[in-house]
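Thanks for sharing this one. Here are some notes to read with the model open beside you.

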2 protein chains.
Amino acid sequence: MREIFEAELQQIGDDLADMSRLVESAISRAGVALLTADLQLAQSVIADDRRIDQLERDLDERCVLLLAQQQPVATDLRVVVSALRMSASLERMGDLARHIAQVARGRFPQHAMSPLVEGTFAAMQDAATRVARRTTTLLTTRDLEVASNIQRDDDLLDQLHQDTFQSLFSDSWDGTTQETVDVTLVGRYYERFGDHGVSVARRVVYLVTGDFAEERGRPATAS
Amino acid sequence: MREIFEAELQQIGDDLADMSRLVESAISRAGVALLTADLQLAQSVIADDRRIDQLERDLDERCVLLLAQQQPVATDLRVVVSALRMSASLERMGDLARHIAQVARGRFPQHAMSPLVEGTFAAMQDAATRVARRTTTLLTTRDLEVASNIQRDDDLLDQLHQDTFQSLFSDSWDGTTQETVDVTLVGRYYERFGDHGVSVARRVVYLVTGDFAEERGRPATAS
């Protein structure tokens, strides 16, 4: 019985890592599509998001079956419930990558991002890609230092998000309304992407240490 | 044993309805704060969001304890897992109401919304308030007609969200960059609020009928 359970639990862990790898690929391609106005790449991100959604559904189904058939308690139970939570975060990260790709596709053949903010968004893209890559690493190694690094990347994303508003509200901003809208939305997508990465990281830390960090503050908003 | 379980399940249902009532109050006050530039009301929404967050944590803890102690299977198990999902959606709806209140607070004593879009946002506010009120009703009555109405309100929110972009991209738009940013973000908050309401509604429908409607399409985005 225990062997079956361990194998099932391993499978759930593998599925989470698989989802995370797909998210990593999605955000990485979405950012390139955004910054280089690459229509085909944008379309591939949009099409591939269905795979992430499907993985989430499969994983959730497996978690519920495991709860029903094995009736885990204590730590085992927390692992399964956390997996349900993490899959929801990863699915949402996939959606956000898709939203970024949709902006790239919507503006093609133009570049969506005005040159005034391109550097900031390139930095956001780097940070978000690191969040995704580190999330995969964290899920496979459970190395808590990786969790701290995800938190740091998220702090950077929040800072860069504020920088985008600084650009918008500066005298040198001469973008069209469409560009203002795109900076606002894409900035928000990256910021939320980081939040979800932190949420996954906190759950892994909790599973390893038993300590679930409360929200360290409210997510940054534009107000 | 069964009596204890039933009582626990009833408590979880009551907690979800309590969360939903707080969300209803939050979105209703946030919208008034936004449309009338009422600082005190905005601040009350922001402060009260902690109660929703706390209710979510309590409810999740109760669900995990129930899984551990009662080891439910079949429908009972699905009810508990769905409750975990629904509490996450309701918590997020509370966050979105708080974000709207934060915009109202950030612009005070000015009105955040330009007169050009005030009517559209008043309509979004009405629809979002109905979504919240109907979510409470659905959680307490499980009347499936209410779920259809939530879906309809969400469709309306998506339409109104598109209308905000139409206003922004029309020749008559003369708002400041700040106003453009606020319309973009607040529109997105309302749109996501509706999505989460639909997500709760689908889970209730699933619990009642066993039929979980797949995503009927991708959420509307601005791209």
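How much space lies in the second largest pocket? Please keep in mind throughout that this is a predicted model.

1. **The second largest pocket.** The answer is about 390 Å³. Its lining is made up of 21 residues, and those nearest the centre are Leu9(B), Gln10(B), Gly13(B), Val79(B) and Arg142(B). Four helices of chain B each give two or more residues to this lining: H1 (2–36), H3 (74–107), H4 (115–141) and H6 (177–209). Of the elements, H1(B) gives the most, with 10 residues. If you colour the lining by class, you should find 11 nonpolar, 4 polar and 6 charged residues.

2. **How the two chains are related.** A turn of 180 degrees, with a shift of 0.0 Å along the axis, lays chain A on chain B with an RMSD of 0.0 Å. The two copies are thus related as by a two-fold rotation axis. To find that axis from chain A, go to Gln71(A): its C-alpha is the nearest in the chain, at 2.9 Å from the axis.

3. **The surface they share.** Through which surface do the copies meet, the same or a different one? They meet through the same surface, because 100% of the interface residues of chain A are also interface residues in chain B.

4. **The largest cavity.** Searching the whole structure turns up 2 cavities of 30 Å³ or more. The largest cavity has a volume of about 50 Å³. Both chains contribute to its lining: Leu67(A), Gln71(A), Pro72(A) and Leu77(A) from chain A, and Leu67(B), Gln71(B), Pro72(B) and Leu77(B) from chain B. Gln71(A), whose C-alpha was picked out above as the nearest to the axis in chain A, is thus one of the lining residues of this cavity. By class, the lining has 6 nonpolar and 2 polar residues, with no charged ones.

5. **The second largest cavity.** Here the volume is about 40 Å³. Val81(A), Leu84(A) and Arg85(A) line this cavity together with Val81(B), Leu84(B) and Arg85(B). The elements giving two or more residues to the lining are helix H3 (74–107) of chain A and H3 of chain B. In the lining of the second largest cavity, 4 residues are nonpolar, none is polar and 2 are charged.

6. **A buried aspartate.** Is Asp154(A) buried or exposed? Asp154(A) sits in helix H5 (residues 144–168) of chain A, and with a relative accessibility of 5% it counts as buried. A polar atom of the Asp154(A) side chain lies 3.3 Å from the backbone nitrogen of Asp195(A). Setting aside neighbours within four places in sequence, Asp154(A) is in contact with Glu191(A), Gly194(A), Asp195(A) and Val198(A). Asp195(A) therefore appears both in that contact list and as the owner of the backbone nitrogen just described.

7. **A buried alanine in chain B.** Ala104(B) belongs to helix H3 of chain B. Its relative accessible area is 5%, and a residue under 20% is buried, so Ala104(B) is in that class. Beyond neighbours within four places in sequence, its contacts are Ala33(B), Leu34(B) and Ala42(B). Along the chain, Ala104(B) and Asp154(B) are 50 residues apart, and their C-alpha atoms are separated by 23 Å.

Methods:
Residues are numbered from 1 along each chain as its sequence is written. Chains are lettered from A and ligands numbered from 1 in the order in which they are written. This is a predicted model: local features need pLDDT of at least 70, side-chain atom pairs count only at pLDDT 80 or more; totals for chains, interfaces and linings use all residues. Side-chain values use heavy atoms; hydrogens and water are left out. Copies are superposed by least squares on the C-alpha atoms of residues with pLDDT of at least 70 in both. Contact means heavy atoms within 4.5 Å. On a 1 Å grid over the protein atoms alone, a cavity is a set of points where a 1.4 Å probe fits but cannot get out, and a pocket is an open set with protein on both sides within 12 Å along at least five of seven lines; lining residues have an atom within 4 Å of a point. Grid points are joined across faces, edges and corners, and a volume is the space filled by probe spheres set on the points. Ala, Val, Leu, Ile, Met, Phe, Trp, Tyr, Cys and Pro count as nonpolar, Asp, Glu, Lys and Arg as charged, and the others, Gly among them, as polar. Buried means under 20% relative accessible area, exposed over 50%, partly exposed in between (1.4 Å probe, protein chains only). A polar contact is a pair of N or O atoms within 3.5 Å; within protein, one must be able to donate a hydrogen and the other to accept it, and residues adjacent in sequence count only if both atoms are side-chain atoms.
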